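Here is my note on the model, point by point. Please read it with the structure open.

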Amino acid sequence: MARSAHPRNVGSHGIRTHMTLPMSEEFSGTRIAASARSTRRKPHFRVLRRLVSSPKGAIGLGIVAVMVFIALFGPFIAPLDPYKQDFMATLKGPSAAHWFGTDQLGRDVFSRILHGAHTSLGIGIGGVAVAFLFGVPLGLAAAWFRGWFDQLVMRAVDIMLSFPDIVFALALVALLGPSTMNVIIAVGTVSIPVFIRTARAVALSTLAEPFVEGSVALGCSPLRVMARHVLPNMAGILVTLSSLLFASTLLTASGLSFLGLGTQPPEPEWGTMLGESRSYIRSHPYMATFPGLFLAISALGFNLLGEELRNIYDPTAAKTRRAHWFGGLAKAARRKPVAAPTAIPDMPQDVLVVGRDLEVSYLTASGALPAVRGVNFTLRRGRMLAVVGESGSGKSTLLRAVGTILPRGQALISDGTLAIGGEDVSTMTPERLQQMRRKHIGVVFQDASSALNPVMTVGAQLIEAILSGNPMPKAQARSRAAELLAAVQIADPQERLDQYPHQFSGGMKQRIVIAIALAQNPDILLADEPTSALDVTIQQQILVLLRRMQQESRMAMMLVTHDLGLVSRYADDVAVIYGGRIVETGTVEEVFRNPSHPYTRALRAAAPRLHAPGEGKRLSAITGDPPMLGQFPPGCSFAPRCGRTHGRPLCQTQTPEPRPVGGKLVACHFAEEV
Ligand code: SF4
């Protein structure tokens, strides 16, 4: 396998700088790199600055800071002993000697509030911590495992949420006995379902993102996927939720203490103080006013702070504000020669993927519905197979099956065989599958913007892909990441490693996605509509790049697209897919020069072509709609739209199997007719 010419095998001193593509992106990249350098020079207190620059954040932060200060240093600044009783000075109103008055035992209320802050805020923080530590992992596990585990967790959540919080907490404390620790357990337990639901919902949507699919395709473990991609993307929501729950937890705990089930006298605690004051509310209202005021102000402060933190950590609103968090990575950059990735020994020389009578089904409430139906195909080293067809034809499902990244619990290979490197996928253990994905398969997804994690720098994402199952020093991985960026023709790679996806243009993002896909030097490259989100000029650049890298590394490549123009220019072989079946396949030359299947002919007629007979005329459209999943007509699926069937019964009754016609395989009973 001749790989020495590939840019990935060139040391950092030999990074290719030749430019075979238009350089507009690279020039713009220099400008962006300069702005990023200025971004990295900003102070490391951006979050704090943003908090104090907004009224809401400043007030919230101020209140929380004061309350935390009181909780930590209250006992040192309290003017009097909070436990000392003075029966000569009971129930005295506020005065110079007792700023908040005295209680029924003559104790100084101000000093008791200062001492009680420690316990009151501690209960709130402890309750949120209990809910967080149990709720978030359970929610993530439910989202990851789905199935019966998810059902079990969600039914338990439904049951817990069917009880009012205070009633549930009361029942728990009654069961455990009144004490500060039991109140923390009770209020924390009551809040666990909220964290489970939130974490599960956010994780489900994040796991469906292409950048997570990409990580799974790289063979990242569930824990790594959760820690690197899912948790950072839900940080803002969890911070907000924690803050909101802190307020409600504080109030619920105070309610329990008010009822005598929490912190026990004579310990000072705001809820307990409220409870002790209830007999004197009419005659001495200040006794309840001051602890109540501190409770309310604390809850308000944490709410305001949480809301502003959410705005800051929301990844969709974040711009460059977190750049400095990862800026330290830049200091580790050292240009060192990187060893060329070793060839993978357990792949046969030529045929890398074989699908035989492959059927892939989606699991729905109506049962397993096949989306790919009995297809046969082969991916060979050094050749590009293009899979073309309309939306919903099953081409992306086929690509995901080959990438072993079908959505867990939603789709599966329901029949036939899929062999990768001569190994039947159905016989592989999960570990072997993960290794296969990591070492042999690279995937380029359609939308580069969603294929990249918005809260991680490009360098961090590349390094993660490089280190996946391939341990090496961080500096070496960074150097390799820069090489990969150079290989996909991104100028100034060392600088650009520290930038975030939003600092790149659409075409450059797609180049980064390609670099990530190539990080493990795969033998098989899968590209799912890699250019459909790009303009025409950039499409050409990306396809030229993909084709060049595929040929230089002699990768087997599957390109899913609906653009016949791209197929005719860049692919070697083509498989036309309709209704989940391959209806015509062969070399691009044979299929496009003389298409035999009516669907291929219709697709070709619907594609715009320059300098072709009929140029300037209206393009013909394929009448009717492709069949829906699970609603394939009997016989030939294309029959309702076919202009060649002429009502022939055979088309409606017998499914045409692929057969050789003019050097191709064509699935049409009347393929020889023109
Ligand atoms: S089998 Fe019949 S309906 Fe199907 S493509 Fe051929 S002619 Fe058309």
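1. One residue first. This is a predicted model. In it, F134 counts as partly exposed, because 16 C-beta neighbours lie inside 10 Å. Burial would take 20 or more such atoms. F134 belongs to helix α4, which covers residues 109–145. A position to check against it is T189. The two are 55 residues apart in sequence, and their C-alpha atoms are 8.6 Å apart in space.

2. Overall make-up. The protein has 24 helices and 12 strands. Its 674 residues include 46% that are buried. Sequence separation in the contacts is also worth noting. Of the contacts between residues at least 6 apart in sequence, 71% join residues at least 24 apart.

3. The sheet. Eight strands form an open sheet with mixed pairing. Their order is β6-β7-β8-β3-β9-β10-β12-β11. The edges are β6 (441–444) and β11 (659–661), and each of these pairs on one side only. On average, neighbouring strands are turned by 20° against each other, direction ignored.

4. A helix on the sheet. Helix α23, residues 598–606, packs on this sheet. It touches β3 (384–388), β9 (573–578) and β10 (581–587). The direction of α23 makes about 105° with that of β9.

5. The β6 edge. How do β6 and β7 run, and how many bridges join them? They run parallel, and four bridges join β6 to β7 (residues 524–528). In general, strands of a sheet pair through backbone hydrogen bonds, either parallel or antiparallel. Two positions can be followed across this pair. G442 has L525 as its bridge partner in β7. V443 stands opposite L526, also in β7.

6. Side-chain directions in β6. Side chains in a regular strand alternate between the two faces of the sheet. Here, I441 and V443 point one way from β6, while G442 and V444 point the other way. Are these four residues buried or exposed? All are buried. β6 is nonetheless an edge strand, pairing on one side only.

7. The ligand shell. Which residues surround the ligand? They are P598, C636, F638, A639, C642, R644, T645, C651, P656, C668, H669 and F670. By class, nine are nonpolar, two are polar and one is charged. Among the shell residues, P598 deserves a second look. Helix α23, which packs on the sheet, spans residues 598–606.

Methods. Residues are numbered from 1 along each chain as its sequence is written. This is a predicted model: local features need pLDDT of at least 70, side-chain atom pairs count only at pLDDT 80 or more; totals for chains, interfaces and linings use all residues. A residue is near a molecule or strand if its C-beta atom, placed from the backbone, lies within 6 Å of it. Ala, Val, Leu, Ile, Met, Phe, Trp, Tyr, Cys and Pro count as nonpolar, Asp, Glu, Lys and Arg as charged, and the others, Gly among them, as polar. Helices (H or I, at least four residues) and strands (E, at least two) are DSSP runs, numbered from the N terminus. A residue is buried if 20 or more other C-beta atoms lie within 10 Å of its own, exposed if 12 or fewer, and partly exposed in between; C-beta atoms are placed from the backbone. Two residues are in contact if their C-beta atoms, placed from the backbone, lie within 7 Å. Two strands pair if DSSP finds at least two bridges between them. Axes are lines fitted to C-alpha atoms, for helices over the stretch in contact, and angles run from 0 to 180 degrees between N-to-C directions.
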